[in-house]
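Reader: I'm new to this one and would love a close look at a single part, with the surroundings filled in afterwards. Could you walk me through it slowly?

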Amino acid sequence: MADMQSSPAAVPTIIRREDYRPPDWLVPAIDLDFDLDAAATQVKATLGVSRNGAHDRPLRLDGDDLTPLRVSVDGQILEEGQWHLDAGALVIPLTGDTHQIETLVELTPAENSKLMGLYASGGLLCTQCEAEGFRRITFFPDRPDILSRYSVHMTADKQLYPVLLANGDPVGQGDLPGGRHWARWTDPFPKPCYLFALVAGDLACNADRFVTMSGREVALGIWVKEADLPRTAHAMQALKNSMAWDERVYGREYDLDVFNIVAVADFNFGAMENKGLNIFNSRYILADPDTATDVDYDGVEGVVAHEYFHNWSGNRVTCRDWFQLSLKEGFTVFRDQNFSADMGSHAVKRIEDVRILRGAQFQEDQGPLAHPVRPESYMEISNFYTATIYNKGAELIRMMALMLGPERFRAGTDLYFERHDGQAATCEDFVIAMEEGGGIDLRQFRLWYEQAGTPRVRALLAYDAAAGRATLTLEQSVPPTPGQADKEPMAIPLRTALFDPASGQSGGDHLLLLTEERQNFIFEGLSAAPILSINRGFSAPVIVETDRSQADLAFLSAHDDDPFARYEAMQQLMVNVLVGKIAGQPVDEDAVLAAIRNTAADSALDPAFVAEAIRLPSEAYLGDQMAIVDPDAIHAARDGLQSRIGSELETLWRDIHARTKANGFSLSAAAKGARKLRNTALLYLAASGAEDGASVAFDQFDQADNMTERQAALATLANGTSVERDAALDIFYQRYRSDALTLDKWFQTQAFAFHADTVDLVQELAHHQDFSLGNPNRVRSLYGAFTGNQWAFHHPSGKGYRLVADCVIALDKLNPQTAARLVPPLGRWKRFDAQRAGMMRAELQRILAEPGLSKDVTEQVSKSLE
Ligand code: B3K
Ligand code: ZN
């Protein structure tokens, strides 16, 4: 493998979990000195290193794209020949057990288009190190089980970079000759290098304070461009709520004197939990009613909480190696999901989270990139920040929490934090803490970390009238996934209830634990054949198949007292009709119409829940229910049903639309729910074919005092071909062309549109003067949205595939991490007809043939072709 590595066309090395061994050298302390400048930044690093155990291996410091300008050991400058570079890493033979190593390198932040390491964004200098970006800043053993104390000194031009921030607490600052200044920050908590951060720039601060449960005062700062300050209030409130919530729910208190957040415009993902200095994609900080939708507001709240919660689940207790990524990510997603549920509606939050899980993770689990929550190998770790690690990982924690109950789960997390504080831990450590702290045997449950693929559970209910007994037979199977042909049965917790059709009542909730391939569960004392409600609250991330009739589903959609199960019954009712229609079977659309009418008319229900329940399943979700996805047939069937729902219930939609019109903007749950329902009513009204559909949508667009209603109206218009469509798109563009985050919505809305010409329009937009591959948000708003538009992306001409492959090839040269994220939609070729599959494969092959392809894209494409 070693000689292959040195050749540029080499197959990238595969890293395996089983190869983990403790580090040869530790770095208890590091001192960094940055002479900052966008064109040339010098970084001097002084590492105190100590030999870990008895061995004679040299010190190996990872480096990516770095040239050592000077290397010294214990104050002695080394000659070339006393060190060497191996695959970018600096290798230094050392004789003693402890040494001081000093290196000097020069970086060019302004040219760093990968946005990993130190880079320039909109006049700022900032860093991103997770997972392996620190090696692009300085030579260092870049692995999460090396924990060091950091002291960071920065000098910079005072006018260009008046604010200098880093991890931990500020300990000094001052002016220097030549218009420069300096600052020093130290972080008392040992941390892995992926949590290192610095920011330099001309920033304004929304400053606030939080008093912790033990009475310590923490200075909070959200740093943005001066003009964006008015858009930071929601993020600040979310931060304070998160800090209080983590104290109340997990007993976790913040530990430094300051907590800073910086918003940057160019960022590869949502945000980053660097110790004491979170760096955010500005889309998860900035919000005001004119530019942010309710979904954006919730996104800000959820991501601020997520990054804050990492201070304990991720920073104080970190990961031993990157195979353990879900240890911090799954747990932290679970924590942020519950926080958001507590801040709003538990029912609606669960529905939204399951929609995301099914939309992203179930698809991943069915395809060539399926991997376990704790993977066994990778080429490029950046490709493993997936829905499986994050969202399925969160479901694993949720199942453990459900089986343990709140008190025992808390005892488990207390033990976990206490035992592993200051350590780099494993997923296994977490499970052991649950077992010991909570008192539960999780031996079989561990399979959830090991086996990829979404389990299927078949549930059949038989009723014996004479005995008054129902027998529920559950059968499970876990499909084969790459590298895992045969699977063991899993431990699957299924919340279940049986409903009496006459009274509409259930006999209560049962937590059934399915552990065998096939198992019977008996229910006694039933006077009539019951109706099955299963996987209530989506208690396990599985696909449940039942033989429930449409009448049973209609009953549950009206009576189930678990809101998720009620929503699910409604969705299943719609899925059955649409999938049946596509297969040419006779179907009862009227049952769907009746269920929608009843749900929409039930004034006891939360409007936000109603909006979720009456919405048709997405085209992608319908595709997931079919052996071979037929995008055109799915679109036609769904569109047809939507129009019928629109026209037959037109009066209802007009009533809802009129009565949900608010008098002034508010972010209350009631106001958000009303907007959600109003937008759904508008969608159906427009789908009805009513002559005034486009003008009602245009009026909403024009009169709205908030982005939630404005964007929904624009999206509704974008699906059609009216003159109002063009007018609204033009007005929106003119109004927001200089506001990048809002202009993203203009691109995204068009790429999402159900419009016969979407693929051509996306091609045109890729050449728009405001489109740029340099900004990941802009790329996602156009190409990311487009690949999520099943009907358009899978245009029978194959134009959509070519467009995305062209983008992957061009973007890979600038930003491989973001380019690799566009590959999975092409990798799903096995799910489509032979013609589409052939064109998708051809595009993957075209990408793979590109010379100089990154490790990121190579891994995703080559796995997708297998
Ligand atoms: N931990 C970061 C994600 C880093 C992604 C690196 N490719 C944000 C988060 O999950 O909180
Ligand atoms: Zn995270």
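Let's start with one residue: in which loop is the place of A87?

Author: Happy to, and keep in mind that this is a predicted model. A87 has its place in the loop between β7 (84-86) and β8 (89-92). What makes this residue worth a look is its backbone: phi is positive, about 50 degrees, although A87 is not a glycine. As for its surroundings, A87 is exposed, with a relative accessible area of 56%.

Now hop along the chain to N535, which is also not a glycine and has a positive phi, near 55 degrees. N535 lies in the loop between β30 (531-534) and β31 (543-546). Here the accessibility is 5%, so N535 counts as buried. So one of these residues, A87, is exposed, while the other, N535, is buried.

There's another backbone feature to visit, and it leads us to a ligand. E130 and A131 are joined by a cis peptide bond, with omega at about 0 degrees. A131 sits in the loop between β11 (124-128) and β12 (148-157). Its partner E130 also reaches ligand 1: a polar side-chain atom of E130 lies 2.6 Å from a nitrogen atom of that ligand. On the oxygen side of things, a polar side-chain atom of Y390 is 2.4 Å from an oxygen atom of ligand 1, and one from H306 is 3.1 Å from an oxygen atom of ligand 1. Taken alone, ligand 1 exposes 340 Å², and the protein buries 95% of that.

Who else is around ligand 1? There are 13 residues, of which E130, A271, E273, E307 and Y390 come nearest. Sorted by character, the shell has five nonpolar, three polar and five charged residues. Looking at elements instead, β20 (271-272), α3 and α4 each supply at least two residues of that shell.

H306 is handy here, as it takes us on to the zinc ion (ligand 2). H306 and H310 each coordinate the zinc through NE2, and E329 does so through OE, at 1.9 to 2.1 Å. Along the chain these donors follow the spacing H-x3-H-x18-E. H310 lies in the loop between α3 (294-309) and β22 (318-319), and E329 belongs to helix α4 (residues 325-343), so this pair ties together parts that are 19 residues apart in sequence. Both H310 and E329 are buried.

Further along comes helix α13 (residues 607-614), which is mostly covered, with seven of its eight residues buried. Those buried residues are A608, F609, V610, A611, E612, A613 and I614. The cover over them includes α5 (346-366), α11 (563-582), α12 (589-601), α16 (650-659) and α17 (669-687). At the N-terminal end, D606 acts as a cap on α13: one of its side-chain oxygens lies 3.0 Å from the backbone nitrogen of A608.

One last stop is Q860, found in helix α29 (residues 855-865). Q860 counts as buried, at 7% relative accessibility. Leaving aside residues up to four places away in sequence, Q860 touches L369, N383, A820, V823 and P824.

Conventions:
Residues are numbered from 1 along each chain as its sequence is written. Chains are lettered from A and ligands numbered from 1 in the order in which they are written. This is a predicted model: local features need pLDDT of at least 70, side-chain atom pairs count only at pLDDT 80 or more; totals for chains, interfaces and linings use all residues. Side-chain values use heavy atoms; hydrogens and water are left out. Donors are N, O and S atoms within 2.8 Å of the metal (3.2 Å for Na, K and Ca); water is not among the atoms, so sites may look incomplete. Helices (H or I, at least four residues) and strands (E, at least two) are DSSP runs, numbered from the N terminus. Buried means under 20% relative accessible area, exposed over 50%, partly exposed in between (1.4 Å probe, protein chains only). A residue is near a molecule or strand if one of its heavy atoms lies within 4 Å of it. A polar contact is a pair of N or O atoms within 3.5 Å; within protein, one must be able to donate a hydrogen and the other to accept it, and residues adjacent in sequence count only if both atoms are side-chain atoms. Accessible areas come from the Shrake-Rupley method with a 1.4 Å probe; for residues, only the protein chains shown count as cover. Ala, Val, Leu, Ile, Met, Phe, Trp, Tyr, Cys and Pro count as nonpolar, Asp, Glu, Lys and Arg as charged, and the others, Gly among them, as polar. Contact means heavy atoms within 4.5 Å.
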